[in-house]
Amino acid sequence: MGLQPLEFSDCYLDSPWFRERVRAHEAELERTNKFIKELIKDGKNLIAATKSLSAAQRKFAHSLRDFKFEFIGDAETDDERCIDASLREFSNFLKNLEEQREIMALSVTETLIKPLEKFRKEQLGAVKEEKKKFDKETEKNYSLIDKHLNLSAKKKDSHLQEADIQVEQNRQHFYELSLEYVCKLQEIQERKKFEFVEPMLSFFQGMFTFYHQGHELAKDFNHYKMELQINIQNTRNRFEGTRSEVEELMNKIRQNPKDHKRASQFTAEGYLYVQEKRPPPFGSSWVKHYCMYRKAAKKFNIIPFEHRSGGKLGDGEVFFLKECTRRHTDSIDRRFCFDVEAADRPGVSLTMQAFSEEERKQWLEALGGKEALFPSFNRAIIPRPEGSAQLDRMGFTILRKCISAVETRGINDQGLYRVVGVSSKVQRLLSMLMDVKTCNEVDLENSIDWEVKTITSALKQYLRSLPEPLMTYELHGDFIVPAKSGSPESRVNAIHFLVHKLPEKNKEMLDILVKHLTNVSNHSKQNLMTVANLGVVFGPTLMRPQEETVAAIMDLKFQNIVVEILIENHEKIFRTLPDATLPEPVTLSASPPNAPPRQSKRQGQRTKRPVAVYNLCLELEDGDRPSLPKEDTPPSSLDSFSSPSPTAPAAHGPPGPDRNHLLADGGTFGDWASTAPSHARSSTVQWLNPQSPATPSCNPAVTPPSPKLSSFPLSLPATVADKPPESVIYRKARAVYPCEAEHSSELSFEIGAIFENVQTSKEPGWLEGTLNGKRGLIPQNYVKLL
């Protein structure tokens, strides 16, 4: 996991975790600044000290090898991985030069030193200045709030109102500065990837000229250099698109922050001052806490946090709310106060102070107080307003007319689809095309009234105006998943499968559009619109998340990759059905359950390890197989159900309470499988092979609820270990995943191991079997019965 995105909405909460994420970004930039400073020094040494060239190159190569770019989000694109690996490639190249002992005449001042100094001064230096302003404003803002809240409620109303206005103006200024600082932090994290690597690339290009064998070395390096230039250009293009989206989101939140508050697990959260009473004669003090409240459980968490002095997080407290009462100013010399009484602490009452009257009313509403006048903190996602464009016959007519005109008149125009038309002309053309009366009268192929860039912009505007993106909100996250991991082949297979899950009209229109984009990319030598460029243009047009956040915007680059895959594999994806022998791709909803490790009275709590989940690839007896209507079963679900995925390290268990209920009642895997719906079974098979799969644990995702199960001895009885009883039916099983035993009663094994005399164990989720003459426990979800 890389650096976490900084959400603009968090600037208004200014929570401790937001401050932690900001500090992580600042630390990374400081590390980058130190590294670039050191690199510049090394470059100058190369110029000034040719006699120590060999030692300087080794250090330079060492610095490059050890540095690694951090990325925002949960995954990198292939281009970013190549950029990340480029420094190691450069390091290896320098080692090869050192082995040849050739003397290099350096002139890297213009190609390396100045660009890095410029980047460090203009970009990293600007961030440092922003940080000083941000820290100064933080100190000023919260000092003013402290001072303001200490005002006596008995002062004149005019004086209090003037103080309120001053505090609110200062808070708004602080929020503005916070938004700009967060935007700048994230921008520099993305910018440094190409701003730094490009000077390095120029440096290496210049080196070839000065080496005796430079020509041959340049030929060897040329292929990688070209690939890296493409990676850099792709990353730059994605950065430009991402930056515009981030700025647009920031402006939306700046204009109306309340309408873009993120959905939270808490009913209410924010800062409150809590009165801490002390024995006489010390009186009481007010300490700022970050408070979180869940209405369903009536659970209240309070954590002391001081923004000043670098942000100091104290020990939190948890209690359950009994009731909440508004405090009047005649009973306390502070405004915006209310009392909360803890249900689990009889007689204990806490007095809390909000930042304003509005915030107090919001807290009272959330806590069930008397003044329930304002809406809750926890808001639902605001849906996007629907446009007038629809996915109907008129829409298909618009699409076909525009595509026909583009392919007839402008297929070779440079910057096709990137060059935008005049907004007023685009809107006029689109309104005419969407009007039944005028649509047929518009002649796009032969008329000179409409420029090609106007037609392409109208086509893109129509697709953006649809009430739902062409690739749907529902499947948006599922399309992103394969773009983030797996091999190129598995990505194509996953997207192939997902395209055929689209509604028929969406798939038909997507087919027409992607076929056209494939034709456009075939003319890229003339129009310069490569597959990657088309991905940048149409990624945000065909796909968009339902909720606008910085994290979602960081996924724009993966949307582009999905569109690239569609264009490069159009014939396979749209002209053939998905391979029914392959398992279905992993979806966001198919996540493994978090079951705790089992317990034993003899051994106590077991060491926590990664939790294994039920493997639905186990072959069932005929009597256990579900009997489902044919139309309710996906084409490949039964095949996937009976045959394990060769790449899956563990299959995902079905979500929801039904499975847990069956297991808690002592049900077996067969019990659940016979009642589970087909879509739940088919979605549990993993599609992509992770880059670095961890060895799964032997611990099954089952927690025995009964005391007698938890006291079941982990060491097998002698009668079981020596010879199984005659009354049970034995079967063979083959290991589909490796396992390392956690206890002497369990078996360790590798993939492909064959077990004899396999039978159900007394402990749910486990089998008993014999391997190499030793009998022991086997995780049921790690084997396939033969």
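This report walks through a few strands and one helix residue in a predicted model.

**Strands β1, β2 and β3**

A good place to begin is strand β2, which spans residues 284-294. Eight of its 11 residues are buried, so this strand is mostly covered, given that buried means under 20% relative accessible area. Strand β2 has a partner in β1 (residues 268-277), and the two run antiparallel. If you would like to find this pairing in the model, look for Ala268, whose bridge partner in β2 is Tyr293. Strand β2 also pairs with β3 (residues 299-306), again in the antiparallel sense. Here Met292 has Asn301 of β3 as its bridge partner.

**Strands β12 and β13**

Further along the chain, β12 covers residues 766-771 and pairs with β13. Strand β13 (residues 774-779) is largely enclosed by the rest of the structure, because five of its six residues are buried. One bridge to look for links Thr770 to Arg775 in β13.

The table below lists the three pairings.

| Strand pair | Sense | Bridges |
|---|---|---|
| β1 and β2 | antiparallel | 10 bridges |
| β2 and β3 | antiparallel | six bridges |
| β12 and β13 | antiparallel | six bridges |

**The hairpin turns**

The hairpin of β2 and β3 has four residues between its strands, and Lys298 takes a positive phi near 55° there. In the hairpin of β12 and β13, two residues sit between the strands, and Asn772 has a positive phi near 55°.

**A residue in helix α19**

Finally, visit Asn560, found in helix α19 (residues 556-568). Asn560 is buried because its relative accessible area is 3%. Leaving aside residues up to four places away in sequence, Asn560 touches Arg238, Gly535, Val536, Gly539 and Pro540.

Notes
Residues are numbered from 1 along each chain as its sequence is written. This is a predicted model: local features need pLDDT of at least 70, side-chain atom pairs count only at pLDDT 80 or more; totals for chains, interfaces and linings use all residues. Side-chain values use heavy atoms; hydrogens and water are left out. Buried means under 20% relative accessible area, exposed over 50%, partly exposed in between (1.4 Å probe, protein chains only). Two strands pair if DSSP finds at least two bridges between them. Contact means heavy atoms within 4.5 Å.
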